[in-house]
Amino acid sequence: MRGRAFGAADRAISREGMAALGFGLTVLMIGVTGGLLMQTGDSLSDGGPILSTSSEPVHATGPTSGWVRISHESGDTVDVADVDLIVSLPDHDKRARLHGLPTERLTQDDYSGNHVFTRGRTGIDGAIAAPNGSGARLAASDEIAFRIEQRRVPLEPGQTVTVTLRHTESETRLARERIDVVE
């Protein structure tokens with residue numbers, strides 16, 4: 001009687017052994033994932049203020065032409081001094097950043113980048129139009145408004161203005177509005 005010789009290829013794990021191996025790998029993966037989540041748990045809550053905004057279209061003509069108005073609908077109250085506004089006009093290949101807020105009147109020191117804003121008292125309104133150092137705050141139902149200089153950036157219907165509100169203290173984006181230009 002000659003029996004069959006077993007080679008390395010004929011070895012196998014029983015069903016119970018396979019189930020135990022699968023269970024062990026699952027527990028290991030859950031443990032690693034849980035550990036990673038616990039390490040990032042504190043940083044998830046440190047992201048900065050949260051707010052919801054809305055905007056209306058920007059008019060290209062008329063008495064309110066060039067005014068960009070963003071309303072703080074709900075969320076956290078933010079110190080205006082901790083907010084920068086990044087304004088992008090992709091149809092004109094221009095970008096500028098309003099900083100140094102609040103201010104009673106826009107000057108060249110209040111922005112960097114392209115000159116797209118109407119300077120002086122007629123170029124700013126809302127919560128950001130307050131004396132510097134006044135402790136102005138942006139709360140729910142408040143509005144931020146600035147005017148785009150029509151002779152430097154002639155807005156036309158169909159174009160867009162993108163405004164990003166950035167919290168400088170936490171270096172996070174508070175909101176982004178893509179606003180259409182209408183007649």
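The legends below describe close-up views of a predicted model.

**View 1. A nonpolar surface patch that includes Met18 of helix 1**. Seven named side chains do not need separate panels here, since they belong to one feature: Ile13, Met18, Leu21, Leu25, Leu28, Val32 and Leu36 make a nonpolar patch of about 700 Å² on the surface of the predicted model. Met18, one of the residues of this patch, is found in helix 1, which covers residues 15-45.

**View 2. The cis peptide bond between Leu101 and Pro102**. The bond that leads from Leu101 to Pro102 is modelled as cis, and its omega is near -5 degrees. Pro102 belongs to the loop that runs between strand 6 (94-98) and strand 7 (111-113). Most peptide bonds, by contrast, are trans.

**View 3. Asp93, a non-glycine residue with a positive phi**. Although Asp93 is not a glycine, its phi is positive, at about 55 degrees. Most residues other than glycine have a negative phi. Asp93 is placed in the loop between strand 5 (83-89) and strand 6, and because its relative accessibility is 71%, Asp93 counts as exposed, the cut-off for this class being over 50%.

**View 4. Glu171, in the loop between strand 11 and strand 12**. Glu171 is likewise not a glycine and has a positive phi of about 55 degrees. The loop in which Glu171 lies connects strand 11 (160-167) with strand 12 (172-182). With a relative accessibility of 63%, which is over the 50% cut-off, Glu171 therefore counts as exposed.

Technical notes
Residues are numbered from 1 along each chain as its sequence is written. This is a predicted model: local features need pLDDT of at least 70, side-chain atom pairs count only at pLDDT 80 or more; totals for chains, interfaces and linings use all residues. Side-chain values use heavy atoms; hydrogens and water are left out. Patches are made of residues with over 30% relative accessible area and no salt bridge: like charges are joined within 9 Å, nonpolar side chains (Val, Leu, Ile, Met, Phe, Trp, Tyr) within 5 Å. Accessible areas come from the Shrake-Rupley method with a 1.4 Å probe; for residues, only the protein chains shown count as cover. A salt bridge is a side-chain nitrogen of Lys or Arg within 4 Å of a carboxyl oxygen of Asp or Glu. Helices (H or I, at least four residues) and strands (E, at least two) are DSSP runs, numbered from the N terminus. Buried means under 20% relative accessible area, exposed over 50%, partly exposed in between (1.4 Å probe, protein chains only).
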